[in-house]
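This briefing is meant to be read beside the sequence and the coordinates. It covers a selection of local features, grouped by topic.

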Amino acid sequence: MSDPININLRRYDGKWSNIVMSKEERVDILYEKVRTKTGMEVSQFELLFASNALAKGTSKTIKECHILNDSQVFMIMQLPGGSDVFKGKTIEWVYDATDMILCEKDRTVPKAKMPCGHFITKESLTMYCKSELASGKSTFVCPANGCGEEFPYWMIRQTACLSEEERRDIETRITRNKCETSPDIRECPKCGSYSKRVDSSNQRAVCPVCSKGKSTLYEFCWDCMAEWNTKNHTNCREEFARKYLSSCGTKTITKVDDCYKARACPKCYTLIDHTSGCKQMTCANPSCKCSFCFVCLKQAVNGNWQCGNWNTVCEVAPIQTILT
C-alpha cells in the first residue's frame, strides 16, 4: 500500500476535517470515511474536488482522481424535494515555440504544449490561472484567439509554478467558485452548507442539516433563497434564470466565438452550463431530454439537427428572456 495522504474536507457546516487515505484506495472508501466523520448518509451528499464531482459506485481510486496530499475536498449536501482521468500522459516541453499569452518566442524558456496544440510558459500559465480564479471562474480554457479548449486540472497542476500552499489555495478557490456560480449548487441561507438538489425541477428545498433532529423541516426557495413560508415564490425561478443567463459570460464553442456559457433548455427551461464538448446538447432533466443546439438554440427534429453537424458554424441566438 502506498504512503498515506491527508485530505482536507470542507464539511457541510463549514468546518474543516482531516481524512487519511491511501492513494490506492477507492473513492467509495472516502465517501464512507466522510459518512463516519460527519454522521450524514452517503446518499445525502456529494464530494467535489477542483470543480469535479467524485463519482460514487465506481472503481476509481484516489490517485486516478488526481487527489494529492493536502488536497481540498468539499462536501455538497443533496437536498430532497466527473472527473477527468489521468491516463499516464506526460507534458511535452518545447523551446522553439511562441507563448500564447505573451506572444513571445524566447528560445531560452521552455513552453508546455497544451492539449489544443498551443504553447505556454509556466509563469504565463500561473498568472493566467490566478487571474481567472480572481474573476470567479472554476475552469480554465485556452486563451489563444479562437480556441477556448478546456485545460484539465491535472495539467494545470503539473505545468504551472505552484508551491504546495498555492496548490491548496487554487484547489479551494476552484471548488468555491464552482459552488458559488453553478445554478445547481446553493449555500443554505440558514446554516451555510453547500447543497445540491436531488430533483432539479423542485423549487422547494429542504436542508437536511437544519432539519436534522427537528420536528419542523427547514424549507427554502431554491431560486430566491428566502424561507419558503415567508413569501409567494411564483416568479422567483424566472427572475433567477434571467439574472443568471444575462451574467454568464461567453466562450468559443465549436469554432463559434461569443457563445453564451449558459442556456435554458428551450423546452423545459432547465438551466444548463456548457463546460466542454461540442454545441449539441441534451437536457439533463430526466422528464425532458430535449436535444438542442447550444449556439442557435434550435431543437433537433426526429433526431435530425436543424443547424448541421456538431462542427457546423451557426448563428448565436441572443440571451433568452422569455422562459415560460
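The points below deal with hairpins and sheets, a pair of helices, and single residues. The model is predicted. Two of its helices, α2 and α4, have axes that come within 10 Å, and strands β1 and β2 form a hairpin.

**The β1-β2 hairpin**

- Strand β1 covers residues 4-10, and 5 of its 7 residues are buried.
- Its partner is strand β2, residues 16-22, and the two pair in the antiparallel sense over 7 bridges.
- Within this pairing, Ile 7 has Ile 19 of β2 as its bridge partner.
- The hairpin has 5 residues between β1 and β2. Gly 14, in the turn, has a positive phi of about 90 degrees.

**The β11-β12 hairpin**

- Strands β11 (residues 185-187) and β12 (residues 194-197) are joined in antiparallel pairing over 3 bridges.
- Ile 185 stands opposite Lys 196 of β12.
- This hairpin has 6 residues between its strands, and Gly 192 takes a positive phi near 85 degrees.

**The three-stranded sheet**

- Strands β6, β7 and β8 make an open sheet in that order, with antiparallel pairing.
- The edges are β6 (93-94) and β8 (119-120), each of which pairs on one side only.
- Between β6 and β7 (residues 111-113) there are 2 bridges, in the antiparallel sense.
- Val 94 has Lys 111 in β7 as its bridge partner.

**Helices α2 and α4**

- Packed helices are described by the angle and the distance between their axes.
- The axes of α2 (residues 122-134) and α4 (residues 164-181) come within 10 Å and cross at roughly 35 degrees. The crossing is left-handed.
- On the α2 side the contact is made by Lys 130, Leu 133 and Ala 134. On the α4 side it is made by Glu 166, Ile 170, Arg 173, Ile 174 and Asn 177.
- By class, this contact has 4 nonpolar, 1 polar and 3 charged residues.
- The 13 residues of α2 should span 18 Å at 1.5 Å a residue, and the distance between the end C-alpha atoms, 18 Å, agrees.
- For α4, with 18 residues, the expected span is 26 Å, and its end C-alpha atoms are likewise 26 Å apart.
- The buried residues of α2 are Ser 124, Leu 125, Thr 126, Tyr 128, Cys 129, Glu 132 and Leu 133. They pack against β8, β9 (140-141), β10 (150-151), α3 (153-159) and α4.
- Leu 133 is thus buried and also takes part in the contact with α4.
- In α4 the buried residues include Arg 167, Glu 171, Thr 172, Thr 175, Lys 178 and Cys 179. Ile 170, Ile 174 and Asn 177 are buried too, and these three belong to the contact with α2.
- Just after α2, Gly 136 takes a positive phi of about 95 degrees.

**Two buried residues**

- Ile 253 is found in strand β15, residues 250-253. It counts as buried because its relative accessibility is 1%, and buried means under 20%.
- Leaving out residues up to four places away in sequence, Ile 253 touches Cys 259, Tyr 260, His 274, Gly 277, Cys 278, Lys 279, Phe 294 and Val 295.
- One of these contacts, Phe 294, is 41 residues from Ile 253 in sequence, with a C-alpha to C-alpha distance of 8.6 Å.
- Thr 270 lies in the loop between β17 (262-264) and β18 (271-273). Its relative accessible area is 18%, so Thr 270 is buried under the 20% cut-off.
- Thr 270 touches Arg 263, Ala 264, Cys 265, Cys 283 and Asn 285, again not counting residues up to four places away in sequence.

**Positive phi outside glycine**

- Most residues other than glycine have a negative phi.
- Lys 289 has a positive phi of about 60 degrees although it is not a glycine. Lys 289 is in the loop between β19 (280-282) and β20 (291-293).
- Asn 302, also not a glycine, has a positive phi of about 55 degrees. Asn 302 is found in the segment after β20.
- Is Asn 302 buried or exposed? At 76% relative accessibility, Asn 302 counts as exposed, since exposed means over 50%.

Terms used: Residues are numbered from 1 along each chain as its sequence is written. This is a predicted model: local features need pLDDT of at least 70, side-chain atom pairs count only at pLDDT 80 or more; totals for chains, interfaces and linings use all residues. Side-chain values use heavy atoms; hydrogens and water are left out. Buried means under 20% relative accessible area, exposed over 50%, partly exposed in between (1.4 Å probe, protein chains only). Helices (H or I, at least four residues) and strands (E, at least two) are DSSP runs, numbered from the N terminus. Two strands pair if DSSP finds at least two bridges between them. Axes are lines fitted to C-alpha atoms, for helices over the stretch in contact, and angles run from 0 to 180 degrees between N-to-C directions. A crossing is left-handed if the near helix is turned anticlockwise from the far one by less than a right angle, and right-handed if clockwise. Contact means heavy atoms within 4.5 Å. Ala, Val, Leu, Ile, Met, Phe, Trp, Tyr, Cys and Pro count as nonpolar, Asp, Glu, Lys and Arg as charged, and the others, Gly among them, as polar. The expected span of a helix is 1.5 Å times one less than its number of residues.
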